[in-house]
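User: I would like a close look at a single strand of this chain and at the elements that pair with it. Please take one part and follow its surroundings with care.

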Amino acid sequence: MSRSALVENVMAMLEDAGFLVSDRCAIRPKSFDIAARRGEDVLLLKILGNIDAFDAQTGGEMRRLGTYLNATPIVIGLRTRDEELKPGVVYFRHGVPVLSPDTAMDLFVEEVPPLIYAAPGGLYVNIDSEILADVREDRDWSLGRLAKELGVSRRTVSKYEDGMDASVEVAAELEDLFDAPLTSPVSVLNGAEEVRDDEPTPDDPDVAPEDEPIVTVFTRIGFEVHPTDRAPFKSVNESEDEHGQVLAGHSAFTETAEKRARIMSSVGEVTRTRSVYVVDELRRESVEGTALIEKEEMENIEDAIDLRDLIMERGEDREEVA
């Protein structure tokens, strides 16, 4: 299956599952392919045939964007260099959960979360430590007795009851021994924080010199600016007050800039953010809801209210952000 067909299939699957799905980010470089929302769940998805193509720089960018936009970064892929991705298993690349299309279908359409995750050494599951301790005590088994049945040390059993995860084989043996479900799902939509490697999110990239005047304006009027590296927008700008978040781009108004502005509007609709594109010369006022503002005009903005009013006036062809 081609990557383009895979992206289309994933988009159709999410729409069937009730997600609002953004346009595809058909520009380069790009850290994610689509954004999607269902209720309060927001996803940033990278879709690949071979997940070995997912590098650390892209993973870091997706994790940063997930933090800024309150979204879960996810990779959906078919295989690695060595094998097909197994259904029902969550993998990880650079701190980002990775799912096969079948696993994604189960999670988003059937609402059946995965129980297994891959980590160095094999496949593992989350053991519900409280249930394990309860069923062991109900059976009147000591830690030593259970350890003997499993062929492990007493200390290992104690760790299971303290919250340590178990291999798939040990978990299956435990459930056979006690004839009870003892595993809990991997919380993919919460970033799978309880099982993924503890990789610190990289710092924001440096601001490009040509974007420094725009960043200065946002900072001056009270926004915290988060530059991006591979997103269709140059920065995510956050305000602690009612002005919320603004996605911003900046360049001459070329055909590529118009594509970026269009994608920004679509992503903004999903993430409930406004978007603005700063251009050298104003030829029109908006692109599908992304407000266009001349650079000189931007530099003369006095406060966040002025910016908000200008964005709303120019981008009035998009529905009000909730």
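Analyst: Strand 12 (residues 235-238) and strand 13 run antiparallel to each other and are joined over 4 bridges, where strands are DSSP runs of E of at least two residues and helices are runs of H or I of at least four residues, both numbered from the N terminus, and two strands count as paired if DSSP finds at least two bridges between them. Within this pairing, N237 has V246 of strand 13 as its bridge partner. This is a predicted model, in which local features need pLDDT of at least 70 and side-chain atom pairs count only at pLDDT 80 or more, while totals for chains, interfaces and linings use all residues. Residues are numbered from 1 along each chain as its sequence is written, and side-chain values use heavy atoms, with hydrogens and water left out.

Strand 13 itself, which covers residues 245-250, is mostly covered, with 6 of its 6 residues buried, buried being under 20% relative accessible area, exposed over 50% and partly exposed in between, with a 1.4 Å probe and protein chains only. Q245, L247 and G249 point one way from the strand, whereas V246, A248 and H250 point the other way, and all are buried. V246, the bridge partner of N237, therefore belongs to the set with A248 and H250, by the strand and bridge terms used here.

Strand 13 also pairs with strand 14 (residues 274-279), this time in the parallel sense and over 5 bridges. In that pairing L247 stands opposite S275 of strand 14. The link between these two parallel strands involves helix 9 (residues 255-271), and strand 13, helix 9 and strand 14 together make a right-handed β-α-β unit; a crossover is called right-handed if, with the strands pointing away from the viewer, the path from the first strand over the helix to the second runs clockwise.

A right-handed β-α-β unit is also made by strand 3, helix 2 (residues 56-68) and strand 4. There, strand 3 (residues 41-50) and strand 4 pair in the parallel sense over 7 bridges, and L45 has I74 of strand 4 as its bridge partner. Strand 4 (residues 72-79) is mostly covered, with 7 of its 8 residues buried.

For the setting of these parts, the secondary structure of the chain comes to 11 helices and 16 strands, and buried residues make up 50% of its 322 residues.
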